[in-house]
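Here's a quick look at a metal site and a pocket. Have the viewer open while you read.

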Amino acid sequence: MVRTDSPREARRLGAKRVLVVTDPVLLQAGLIDEVHAPLSLEGVLVEIFSEGEPEPSLRAAEKCIETARRVRPDALLGLGGGSNMDLAKITATVLAHGGGPRDYVGDDKVPGPIFPLICVPTTAGTGSEVSAASVLTDSDNHMKVGVLSNWLRPHAAVVDPLLTVSCPPKVTADSGIDALTHAIEAYTAVDNETFPLPHGERTVYQGRHPMGDLLAERAIALVGRHLRRAVAHGSDLEAREGMALGATLAGMAFSNVGVAAVHALEYPVGGAVHCSHGAGNGLLLPAVMCFNLPARLPQFAAIARLLGEDVMGLTEQQTAERAVTAVERLRDDIGVPRRLRDLGVTEGQLRPFAEKAFGIRRILRVNPRPVTADDLEGIYRAAF
Ligand SMILES: NC(=O)c1ccc[n+]([C@@H]2O[C@H](COP(=O)([O-])OP(=O)(O)OC[C@H]3O[C@@H](n4cnc5c(N)ncnc54)[C@H](O)[C@@H]3O)[C@@H](O)[C@H]2O)c1
Ligand SMILES: [Fe+2]
């Protein structure tokens with residue numbers, strides 16, 4: 001869909017008053033006008049919450065909910081990167097079902113449809129516009145926490161690459177490698193047939209299946225072809241378009257299949273050192289790929305080919321290893337940090353991080369190789 005579709009989607013949802021959830025950066029960049037003007041022209045009253053923040057805290061979510069209760073909109077519109085869209089998603093959840101944001105943290109805790117919600121991404125990365133998750137920062141516990149439910153998928157997603165042109169190189173790089181992480185984790189996930197879901201538990205993640213593979217393959221190829229260009233030349237519209245499509249496809253892949261050890265390992269790091277989610281993921285991705293390689297040789301070999309590696313004459317093992325070096329090169333070329341210590345992590349934090357990450361079962365069970373807390377510590381050490 002294109003930008004001008006926001007009013008049509010608002011009308012379809014019966015909305016006469018829309019609360020746009022955004023942040024001061026986007027307000028200043030004038031991006032708010034891109035949805036404000038077309039909505040106003042259609043006679044929709046636009047209210048604005050502009051106190052969104054990167055990697056939003058539960059406190060920010062509470063503020064947004066307070067505003068929404070005061071303004072009484074009949075639809076929400078999340079405008080921004082994953083951070084603002086996730087704020088809009090948790091707000092839509094609480095407006096529909098009461099309580100507070102913490103009540104919905106975890107898997108499948110949302111009891112039914114959420115408040116009408118349109119998401120308009122301005123980064124090419126998280127796929128939150130199609131995903132079943134809202135990720136928030138629990139500042140008390142220095143940890144990222146997730147609300148996971150199929151009810152969280154927005155009613156409409158308006159994906160327009162032009163809205164990403166103003167992303168500075170760092171935001172483009174970090175969010176872009178997050179999209180690659182989503183696609184690679186989905187493509188190499190545990191198989192759907194052997195998904196280790198304990199009896200009686202429910203989850204939105206299903207493990208690897210053919211539809212997820214198709215989406216992830218296309219996303220990996222698109223990111224491989226376009227991310228360097230989008231970072232180096234922000235106004236390269238072909239690259240922006242490729243990344244917007246790649247990120248949304250990756251969102252559709254991971255939100256059905258699941259994300260795995262990279263995301264579990266990133267949550268304690270992001271919660272403690274406040275790096276961006278994408279930078280943390282991009283940094284950890286090659287180390288997790290190395291760990292998972294023996295369990296997913298053909299898939300990693302396919303990833304090397306999708307990333308355009310010349311693998312003529314190589315064995316399958318060598319081809320699969322090329323996937324890791326290709327991702328390392330991409331990460332270096334776009335300026336995502338290489339080592340945890342570059343983010344300010346200390347060696348003494350590695351064991352506590354590993355224990356925290358080990359507690360995130362809903363994600364770790366998607367990993368193709370079972371992991372112990374020692375394995376997780378080993379991966380952190382490899383990336384330290
Ligand atoms: N819900 C999900 O499925 C899901 C998936 C992955 C990540 N996430 C979460 O999403 C968040 C990260 O989102 P993100 O990577 O999109 O970044 P972001 O939303 O945190 O944005 C980063 C910065 O870039 C600015 N920005 C965004 N778009 C811009 C534009 N077009 N022009 C100029 N500046 C712009 C923002 O104002 C912000 O300051 C994290 O909290 C992460 O945990 C959610
Ligand atoms: Fe992510």
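## Iron site and main pocket

Both D178 and H263 are buried. Keep in mind that this is a predicted model. The two residues also tie together distant stretches of the chain: D178 sits in helix α6 (residues 169–187) and H263 in helix α9 (residues 261–273), 85 residues apart.

What do they hold? Along with H182 and H277, D178 and H263 are the protein donors of the iron ion (ligand 2), with distances of 2.2 to 2.3 Å. Here are the donor atoms:

| Residue | Donor atom | Distance range for the set |
|---|---|---|
| D178 | OD | 2.2 to 2.3 Å |
| H182 | NE2 | 2.2 to 2.3 Å |
| H263 | NE2 | 2.2 to 2.3 Å |
| H277 | NE2 | 2.2 to 2.3 Å |

If you want a pattern to search for, the donors are spaced D-x3-H-x80-H-x13-H along the chain. As for geometry, the angles among the four donor atoms run from 84 to 167°, and the site is irregular. It gets that label because four donors count as tetrahedral only if all angles lie between 85 and 135 degrees.

Now for the pocket. The largest one has a volume of about 900 Å³. Its lining has 47 residues, and E55, G81, G82, S83 and T123 lie nearest the centre. Among the elements giving two or more residues to that lining are α5 (82–97), β6 (133–138), β7 (143–148), α6, α9 and α10 (277–292). Which element gives the largest share of the lining? That's α6, with six residues. By character, the lining residues split into 19 nonpolar, 19 polar and nine charged.

Terms used: Residues are numbered from 1 along each chain as its sequence is written. Chains are lettered from A and ligands numbered from 1 in the order in which they are written. This is a predicted model: local features need pLDDT of at least 70, side-chain atom pairs count only at pLDDT 80 or more; totals for chains, interfaces and linings use all residues. Side-chain values use heavy atoms; hydrogens and water are left out. Donors are N, O and S atoms within 2.8 Å of the metal (3.2 Å for Na, K and Ca); water is not among the atoms, so sites may look incomplete. Four donors count as tetrahedral if all angles lie between 85 and 135 degrees; four count as square planar and six as octahedral if opposite donors are over 155 degrees apart and all others between 65 and 115; anything else is irregular. Helices (H or I, at least four residues) and strands (E, at least two) are DSSP runs, numbered from the N terminus. Buried means under 20% relative accessible area, exposed over 50%, partly exposed in between (1.4 Å probe, protein chains only). On a 1 Å grid over the protein atoms alone, a cavity is a set of points where a 1.4 Å probe fits but cannot get out, and a pocket is an open set with protein on both sides within 12 Å along at least five of seven lines; lining residues have an atom within 4 Å of a point. Grid points are joined across faces, edges and corners, and a volume is the space filled by probe spheres set on the points. Ala, Val, Leu, Ile, Met, Phe, Trp, Tyr, Cys and Pro count as nonpolar, Asp, Glu, Lys and Arg as charged, and the others, Gly among them, as polar.
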